[in-house]
Amino acid sequence: MRRRLVAGAICGALTVAAFTGCGIPQRTDVQVDGRRETATESGSVAGWRNEPPARPASGADAEAFVRNFLSAAAGEPDRAYYRVKQFVAPEHRGKLQEKQGSEVALTVVRPSDRPAFTGNSDGTTTVSIAVQQVGLLRSNGTLVPPVSTQERYEFRLRSASPDSPGDDAGGLFVLDPPNVLLLSDIALQDYYRSQSIYFWNSDRTRLVPDQRYLPLAVPDERRLNEVVKWLVGGPSDWLRPGVVGLPDRTELINNATGGNRRWEVNLDMSGDDKGRIDQFVTQLAWSLPELDGELELKIRNNALPAQDLAQRRASHKLYDLVDGPQRFCVYEGVIRPLDLGGEPSGPVPVRPENNRDVVSAGMTRTSEQILAALVVSASDGRQRLNVGTGVGPVASFTKGPEHRSIGRPVWLRATDPHQPQGLVVADGKLYRFDQNAKMSQVVLDLPPGEVTAVAASLDGQRIALIVGGSLYVAAVNVDGQVAVGPPRRVATSLTGLSAVDWAGEDRLVVAGTAGRPAIYEISVDGALQTPLKDDVGAKVTHLSAYPTNRTIKVPVGAFMYEANGVAYRSSPIGRIAREQVRDVPAPPTGAQSADVSAPFFLF
């Protein structure tokens, strides 16, 4: 089971010694735990509760009550205010200003410190919770950047009393509630299903994932309808520069329905573009990958031939991957294959005469050729980007301009294979480069800050960046010249970020500091984060991952990194030894072997 960031949960495991007569502690801290509790009541999905506990469930346990209060808003949006108001004292429910319809949004927060409870002379208790703002969960399942900058919330608790109008079932109530619907990041994990829906890129040649959250309270038979509504509503704001939605004025007629392996969707879609209609079937097939059977799509009540969803996925792969990843590294300035046992290990895809003085490399495979970008040592301690392509071992490279320092280059897989382009960080700035090693600076829509890392997703339409010490994601438009859309900041409790890569469609692997150097897995919206290695020992200066995907299955969590000049691998995490580097003779007796550096995947 995946571990969670312990600072992200409020657990009622603390045994409280000092209580007032009403059962609220005079002053104590809530212990923090990342464990999930299995459901014990009916109405659960896959072993987890599909709705958060009701107010009386915690009784007089203040810690459990606060945890449940930060979960109360979870579920279908139209009942969010009702559920939260059940936790609020009847005389204070009017202080929570209610919104309706699409205006309902949940303020997702990550508790960053242990909440404090302070007893008051009137018998109430003040609760103070320090938080990191993560985002705003909209009714369409998108988690958008946070609106609030508030770092602490305070409210009071009182015991239910038979003398208070409206009090029932005992337990506790909230006084002076925050005027937003709070949802903890752990509640988001416990009561929502995270899933990707897909939109076509700007030239409609490949699908790009868009992360959404569906309440577990939504019955399975309604999932089709919800996903179709999301697709009709269009992509998330930050993805729009790199993808296209359905034709303008597309609407869902009635509800999407189905069962017993037959599904029906009726759309009012403008125009009669059969290609767009067919592509919608592919979008829907991948947006609901567990859905099998036949889809009957109607356009303005006119039925089209039924489509087999499983067959559509089989014939329209998400990614143009042919083989699994191969691992390489740099050893004494030369790119070498890694042999880690049981994994494919191929020859170096660069001719020996060009495989010299290498600092780091970024390579990718297309159906036609190898794309290679090498950072090599140049004169006076400077570095240069050499770029080449070829059907076999790349034999011809073009030399780029020299810089003081160049990061690991990445190729954008969505670009024209005959005019490939990539991105690289040099001297604190982001550059695009082409197959002729021409570098052009990419101006980012961000406050001034040093760019220290860039990574490209498997679909080639999204990138992750570290700028000014913060983590960002952005959409990329590859029509002609590569253009980067407005970056979206990703919330994380890590500080001192130094490296990033894509771990999956909607997940990043990020290196930074959590008291000590650490590596975390973080969702592209920042809501979910899991420690992968909580004590690396030194700052990570190089990081490479193979993103899990639906085309080529490999073990989850395949990444490699370099820290303090030494290379490591994951699953399990351990140092990459010289003996795991192919084609390297053993050093003379008594001589110390060189360290492995800059490991990377070719795929």
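Let me start at the hairpin formed by strand 41 and strand 42, where 4 residues sit between the strands and where Ser-571 takes a positive phi near 55°. Please keep in mind throughout that we are looking at a predicted model.

Staying with Ser-571, you will see that the peptide bond joining this residue to Pro-572 is cis, with an omega of about -5°. Pro-572 itself belongs to the loop that runs between strand 41, residues 566–569, and strand 42, residues 574–575. To see what is unusual here, it helps to remember that most residues other than glycine have a negative phi, and that most peptide bonds are trans.

Now let us look at the strands on either side of that loop. Strand 41 and strand 42 pair in the antiparallel sense, over 2 bridges, and Tyr-568 stands opposite Arg-575 in strand 42. On its other pairing, strand 41 is joined in the antiparallel sense to strand 40, residues 559–563, over 4 bridges, and there Tyr-568 is the bridge partner of Tyr-561. The hairpin of strand 40 and strand 41 has 2 residues between the strands, and in this hairpin Asn-564 takes a positive phi near 55°.

If we follow the chain past strand 42, we come to Asp-583, in the loop between strand 42 and strand 43, residues 597–602. Asp-583 is not a glycine, and yet its phi is positive, near 65°. Is Asp-583 buried or exposed? Asp-583 counts as exposed, because its relative accessible area is 53% and the cut-off for exposed is over 50%.

A second aspartate makes a useful companion. Asp-357 lies in the loop between strand 21, residues 334–337, and strand 22, residues 358–365, and it has a positive phi of about 55° although it is not a glycine. With a relative accessibility of 47%, however, Asp-357 counts as partly exposed.

Finally, I would like to turn to a helix. How many of the 11 residues of helix 4 are buried? In helix 4, which covers residues 223–233, 8 of the 11 are buried, so that the helix is mostly covered; among them are Leu-224, Val-227, Trp-230 and Leu-231, but also Arg-223 and Glu-226. What do these buried residues pack against? Their partners include strand 11, residues 192–201, strand 12, residues 207–215, and helix 5, residues 274–287. Just after helix 4 comes Gly-234, which has a positive phi near 95°.

Definitions and conventions
Residues are numbered from 1 along each chain as its sequence is written. This is a predicted model: local features need pLDDT of at least 70, side-chain atom pairs count only at pLDDT 80 or more; totals for chains, interfaces and linings use all residues. Side-chain values use heavy atoms; hydrogens and water are left out. Buried means under 20% relative accessible area, exposed over 50%, partly exposed in between (1.4 Å probe, protein chains only). Two strands pair if DSSP finds at least two bridges between them. Contact means heavy atoms within 4.5 Å.
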